[in-house]
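Student: Please take a close look at one part of this model for me. I would like to follow it outward into its surroundings, in one connected account.

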Amino acid sequence: ANTAWAFATLSINAPQLIDAIACASEHRIDDFKPQELANTAWAFATLSINAPQLIDAIACASEHRIDDFKPQELANTAWAF
């Protein structure tokens, strides 16, 4: 999550790295905290990366933990979608 966020913040699109992050994140999404979910969603949206499986996984995980999200995490996630 932090790596994707950092690359998006710097507007660096490194396709191989981003693909690897997407794949690894999909398999570990249930371990992500709300901030990690929000940051990952924000990063992929900021870089205009099409990763439907990851985005679906983020949506599902976020839905199950929505009560744990802080207002900023909700805002960032909503913006990303």
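Tutor: C23 is partly exposed, because its relative accessible area is 42%; buried means under 20%, exposed over 50% and partly exposed in between, using a 1.4 Å probe and protein chains only. Please keep in mind that this is a predicted model, in which local features need pLDDT of at least 70 and side-chain atom pairs count only at pLDDT 80 or more, while totals for chains, interfaces and linings use all residues. Residues are numbered from 1 along each chain as its sequence is written, and side-chain values use heavy atoms, with hydrogens and water left out.

Does C23 have a sulfur partner, or is it unpaired? A search of the whole structure finds zero disulfides, a disulfide being a pair of cysteine sulfur atoms within 2.5 Å. C23 is in none, and the nearest cysteine sulfur, that of C60, is 18 Å away. C60 is likewise in no disulfide, with the sulfur of C23 as its nearest cysteine sulfur. C60 counts as partly exposed because its relative accessible area is 39%.

Now to the surroundings. C23 falls within the 15–28 range of helix 2, where helices (H or I, at least four residues) are DSSP runs numbered from the N terminus. Its 14 residues should span 20 Å at 1.5 Å a residue, and the end C-alpha atoms of helix 2 are indeed 20 Å apart; the expected span is 1.5 Å times one less than the number of residues. The buried residues of helix 2 are I18, I21, A22 and S25. They cover an arc of only 100 degrees around the axis, so they sit on the same side of helix 2; the arc is that of the directions from the helix axis to the C-beta atoms. On the other side of helix 2, Q16, D19 and H27 are exposed. What covers the buried residues includes helix 1, helix 3 and helix 4.

One residue that links helix 2 with helix 4 is L54, which lies in helix 4 and touches A22, S25, E26, I29, T40 and F44, leaving out residues up to four places away in sequence; contact here means heavy atoms within 4.5 Å. L54 is buried because its relative accessible area is 0%. L54 and I21 are 33 residues apart in sequence, yet 9.6 Å apart in space, C-alpha to C-alpha.

L54 also appears among the residues with the most contacts inside the largest nonpolar core, together with I29, L37, F44 and I58. That core has 19 residues; a nonpolar core is a set of buried Ala, Val, Leu, Ile, Met, Phe, Trp, Tyr and Cys residues joined through side-chain atoms within 4.5 Å. Helix 1 (2–9), helix 2, helix 3 (34–46) and helix 4 (52–64) each supply at least two of its residues. In soluble globular proteins, nonpolar side chains tend to be buried together.

Helix 4 shows a one-faced pattern of its own. Its buried residues are L54, A57, I58, A61 and S62. Seen down the axis of helix 4, they fall within an arc of 130 degrees, so they line one face. Q53, D56, E63 and H64 are exposed on the other side of helix 4. The buried residues pack against helix 2, helix 3 and helix 5.

S62 is worth a pause, as it counts as buried because its relative accessibility is 5%. A polar atom of its side chain lies 2.8 Å from the backbone oxygen of I58. Leaving aside neighbours within four places in sequence, S62 is in contact with L37, F69 and T77.

That leads to L37, whose contacts, on the same sequence cut-off of four places, are I29, F32, I58, A61, S62, R65 and F69. L37 is one of the buried residues of helix 3, along with P34, A38, N39, T40, A41, A43 and F44. These pack against helix 1, helix 2, helix 4 and helix 5 (71–80).

Just after helix 3, S48 takes a positive phi of about 55 degrees, although S48 is not a glycine. Most residues other than glycine have a negative phi. S48 sits in the loop between helix 3 and helix 4 and counts as exposed because its relative accessibility is 65%.

Definitions and conventions: Polar contact = N/O pair within 3.5 Å; in protein donor to acceptor, adjacent residues only side chain to side chain.
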